[in-house]
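Let's take a walk through this fold together, strand by strand. Have the structure open and follow along.

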Amino acid sequence: MADRQNWAPLEVSPSSVGAGATPHGLVDHLRGIGNLTGLLAREKAVVFRGFHVTPAELDEVLDLLLPNRLAYVHGNSPRTKVGKNVYTSTEYPPEFTISMHNEMSYAHQWPARLAFFCDQQPETGGATPVVDGVRWLAALDPEVREAFAGGVCYRQNLHGGRGLGKSWQDTFETDSRAEVESFLDGTGASWEWTAQDSLRVSQVRPATARHPITGAEVWFNQADQWHAAGLGDETAAALYQIMPEEDLPQSVTFADGSPIPAEHITQIRDRGLESAVDVDWYTGDLLLIDNVLVGHGRRPFTGPRRVLVAMSD
């Protein structure tokens, strides 16, 4: 296994594996791997480049990379569903950086794998930074790691169709309250319906996780993305003028309800990005990551950029 201080995703090209430089060459290679789970546990992330995959072949490739594609139910970021459990990557304005995170680490169940597909490369920038979760954990000051030892509490306020942030209908991909309640009953979360057909959800989750195969302990929470301080001082101040923190679309505290210091949040955000390796995009590329071992984000970009994402258990 590569040393985590010098870790980078494995790059697979037609010449490196003796395959044809076509989508069918990639399909044949994937069918011959045998133990993709073991490969991913060892390498943590793999870039497939030079196979010239197009949207027409994407489903066949994803069926091999992600045998059981999951819907983005209870996801908190804005996306558009474009295929069979295939979504646009997070739709934030291109001038902003998206900080490092493990997909849905705030949820009771998260995807084990993610696959990203570059349908259109950007003019400039737009890399997907990836970070070894062991390295991210080690990069944090001991007092920060200790402060998070008891876990965190995530809170969501989901409106019923009009309001700030995502609606509960978009979040759970249903218009049925009964379906939402049935889903939440199995998550260990506490929840209540509030005024104007809104839904408030709270859930306590650990701050770190251990990989089921390697046993590695990794930083595994999204406190910096749910905390207003992660948005920057000016944005946080503007939000607090609009409404109290507990009424924001999403917020986070320590598990016991005590506030998380802003300086902890900025350290987590900044050191995750500093520890990351950028994966630049070229049209037709695919990136497969182990969602526990590796966090991901997005660098700012110019020009059109279309990256799709799918996930599996």
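Start at Phe-117, which sits opposite Leu-286 of strand S16. Keep in mind that what you're looking at is a predicted model. Phe-117 gets you into the pairing of strand S6 (residues 113–120) with S16: the two run antiparallel and are joined by five bridges. S16 has another partner too, strand S2 (residues 45–48), also antiparallel, this time through four bridges. There, Val-47 has Leu-287 of S16 as its bridge partner.

So how covered is S16 itself? S16 spans residues 286–290, and five of its five residues are buried. Look at how the side chains are shared out: Leu-286, Leu-288 and Asp-290 point one way, while Leu-287 and Ile-289 point the other way, and all are buried.

Now zoom out to the sheet around S16. Seven strands make up this open sheet, in the order S1-S2-S16-S6-S19-S4-S3, and the pairing is mixed. At the edges you'll find S1 and strand S3 (81–83), each of which pairs on one side only. On average, neighbouring strands here are turned by 25 degrees against each other, ignoring direction. For a parallel pair, go to S1 and S2, which are linked by three bridges; in that pair, Leu-10 stands opposite Val-46 of S2. As a reminder for the bench, strands in a sheet pair through backbone hydrogen bonds, and they can do so parallel or antiparallel.

Next, helix H3 (residues 36–43). Its buried residues are Leu-36, Leu-39, Leu-40, Ala-41 and Glu-43. Some of that spacing makes sense from helix geometry: an α-helix has 3.6 residues a turn, so residues three or four places apart point the same way. The buried residues of H3 pack against several elements, including S2, S6 and S16 from the sheet you've just seen, along with helix H2 (23–33) and helix H4 (55–65). Right after H3 comes Lys-44, with a positive phi near 80 degrees.

There's another open sheet to visit, with four strands in the order S5-S17-S8-S15 and antiparallel pairing. Strand S5 (98–101) and strand S15 (277–279) are its edges; each has a single partner strand, so one side of each lacks a neighbour in the sheet. The twist from one strand to the next averages 25 degrees. Inside this sheet, three bridges hold strand S8 (residues 128–132) antiparallel to strand S17 (residues 294–298), and Val-131 stands opposite Gly-295 of S17. Helix H11 (residues 262–274) packs on the sheet, touching S5 and S8, and its direction makes about 85 degrees with that of S5.

One more strand pair is worth a look. Strand S9 (residues 152–158) and S14 run antiparallel over five bridges, with Arg-155 opposite Ser-251 of S14. S14 covers residues 250–254, and four of its five residues are buried.

Finish in the loop between helix H8 (177–185) and strand S10 (190–194), where Thr-187 sits. Is Thr-187 buried or exposed? Its relative accessibility is 6%, so Thr-187 counts as buried. What does its side chain reach? A polar atom of the Thr-187 side chain lies 2.8 Å from the backbone oxygen of Leu-184, and one lies 3.2 Å from the backbone nitrogen of Ala-189. Setting aside neighbours within four places in sequence, Thr-187 is in contact with His-108 and Arg-205.

Key: Residues numbered from 1 in each chain as written. Predicted model: local features only at pLDDT ≥ 70, side-chain atom pairs only at ≥ 80, totals over all residues. Heavy atoms only, no water. Buried < 20%, exposed > 50% of the residue type's maximum accessible area, 1.4 Å probe, protein only. Pairing = 2+ DSSP bridges. Contact = heavy atoms within 4.5 Å. Polar contact = N/O pair within 3.5 Å; in protein donor to acceptor, adjacent residues only side chain to side chain. Axes fitted to C-alpha atoms, helices over the stretch in contact; angles between N-to-C directions.
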